[in-house]
Amino acid sequence: MSQSKHTSGHAPAPASHAPASSGHAEPGHGEEHSHKATYITIFLILGFLTVVEVFVPQVYASAYDQHLKMLLLVGLAVSKAVLVGLYFMHLKWEKPWLKWIALMPVYMGIFTIILMLETVYR
Amino acid sequence: MSMAATKALGASDGHDHGHHEVAEDSHFGKATGGKIAMWIFIAQDGMSFGGLLLAYGLLRIFSPDWPVPSHVLGIGLTAVATFILICSSVSMVMAVEAAKAADKAATVRWLMLTILGGLSFLGIQAYEYTHLVEAGITFSSSTFHGVDINDRFGSTFYAVTGFHGMHVTAGVIYLICVLRGALAGKFTTGGNSYSPVEIVGLFWHFVDLVWILVFTFIYLL
């Protein structure tokens, strides 16, 4: 069969990859190397931000600080959501078109914010 | 048929085993049709959640007697549930990495951990719902330990968190289906065969992402 010749030019057979040598599994695929270290970093950031989130309402419990509390909490949540989207959902490494599709609910969010601002500053 | 056209049709020829490639598209690069479809689904599903959260926000803003959520809901337990969901997102990306590296055992292991995370989240939610119902908060009426609170608190709470819980349930079922394929070794034959694991991952991360926002808007604010 010509199969062996056909595959010889590509990356070695998957079975030969030992999971231990995880760093750069596929020599021929520079852009697809492992992101494991990045994932762990993002995980630690997400965990830390979650702890901060839980303490924010306790620090800013008085009515005087309500706006600051709201800004902080929404900012933290949006940051976490963006991190999940960019890294865990690989948006950072996708082509612009897929990013525009992913942003569709955000356009609605922007519209909502405009409507809310109109109500607040009327 | 030209070579390019054959390649564009996908790797159904069998000879090129272990190197299924999607032809480079000028707009979507090497994203598979399934991946693009899942993103379109996620975008519209995000708007469903957006609609629910918007309705919740409006009802709350125009109700001066809205209770402070942290006085009614358990923040600590839900923070744990949030953290479990974040952990399950990490195990999910690890499953995708393992499938990409054609490591079947690791793919199965990480997928199982992800499912376990989802089930734990659902367990906590069931526990939480039970206690809230016992305290008097249901979908249609809200009293908290005998004290009347705004009726819409219960309806919006269950509508938003219930819709999310339904997504976690669907995600767990979806993950179990993918796990079956992983056990059969379908997604670890190299090339693009890992794609179904990546696509279920997109859905799972989306469920996690939505919860991050729900946790803030429903529980913390």
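Colleague: By what rule is a salt bridge assigned, and which residue of helix α2 does K80(A) meet in one?

Modeller: A salt bridge is a side-chain nitrogen of Lys or Arg within 4 Å of a carboxyl oxygen of Asp or Glu. In this predicted model, K80(A) lies in helix α3 (residues 66–88) of chain A, and its partner, 27 residues apart, lies in helix α2 (residues 36–59) of chain A. The N to O distance of the pair is 2.9 Å, and the partner of K80(A) is E53(A).

Colleague: Is E53(A) buried or exposed?

Modeller: The cut-off for a buried residue is under 20% relative accessible area. K80(A), at 0% relative accessibility, falls in that class. E53(A) is also at 0% relative accessibility, so E53(A) counts as buried.

Colleague: What is the secondary-structure pattern of chain A along the sequence?

Modeller: Chain A has five helices and zero strands. Read along the sequence, the pattern is therefore α-α-α-α-α.

Colleague: How many salt bridges does the rule find across the interface of chain B and chain A?

Modeller: Over all chains, the search of the whole structure finds four salt bridges. One that crosses between chains pairs K35(B) with E94(A) at 2.6 Å, N to O. Another pairs E24(B) with K95(A) at 3.9 Å. The count across the interface of chain B and chain A is two.

Colleague: To which exposure class does K95(A) belong?

Modeller: The bridge from E24(B) to K95(A) runs from the loop between α1 (3–8) and α2 of chain B to the loop between α3 and α4 (96–102) of chain A. E24(B), with a relative accessible area of 53%, is exposed. K95(A) has 34% relative accessibility, so its class is partly exposed.

Colleague: Which residues do salt bridges with shared partners join into one network?

Modeller: K35(B) forms a salt bridge with E198(B), with the closest N and O atoms 3.2 Å apart. These two residues are 163 residues apart, K35(B) in helix α2 and E198(B) in helix α7 of chain B, and both are buried. K35(B) also meets the side chain of E94(A) in a salt bridge. The network consists of E94(A), K35(B) and E198(B).

Colleague: How much area do chain B and chain A bury between them?

Modeller: The contact involves 52 residues of chain B and 45 residues of chain A. Carbon and sulfur atoms account for 77% of the area buried between the chains, which is about 4300 Å².

Notes. Residues numbered from 1 in each chain as written. Chains lettered and ligands numbered in written order. Predicted model: local features only at pLDDT ≥ 70, side-chain atom pairs only at ≥ 80, totals over all residues. Heavy atoms only, no water. Contact = heavy atoms within 4.5 Å. Buried area = accessible area lost by both parts, 1.4 Å probe. Helix = DSSP H or I, 4+ residues; strand = E, 2+ residues; numbered from the N terminus. Buried < 20%, exposed > 50% of the residue type's maximum accessible area, 1.4 Å probe, protein only.
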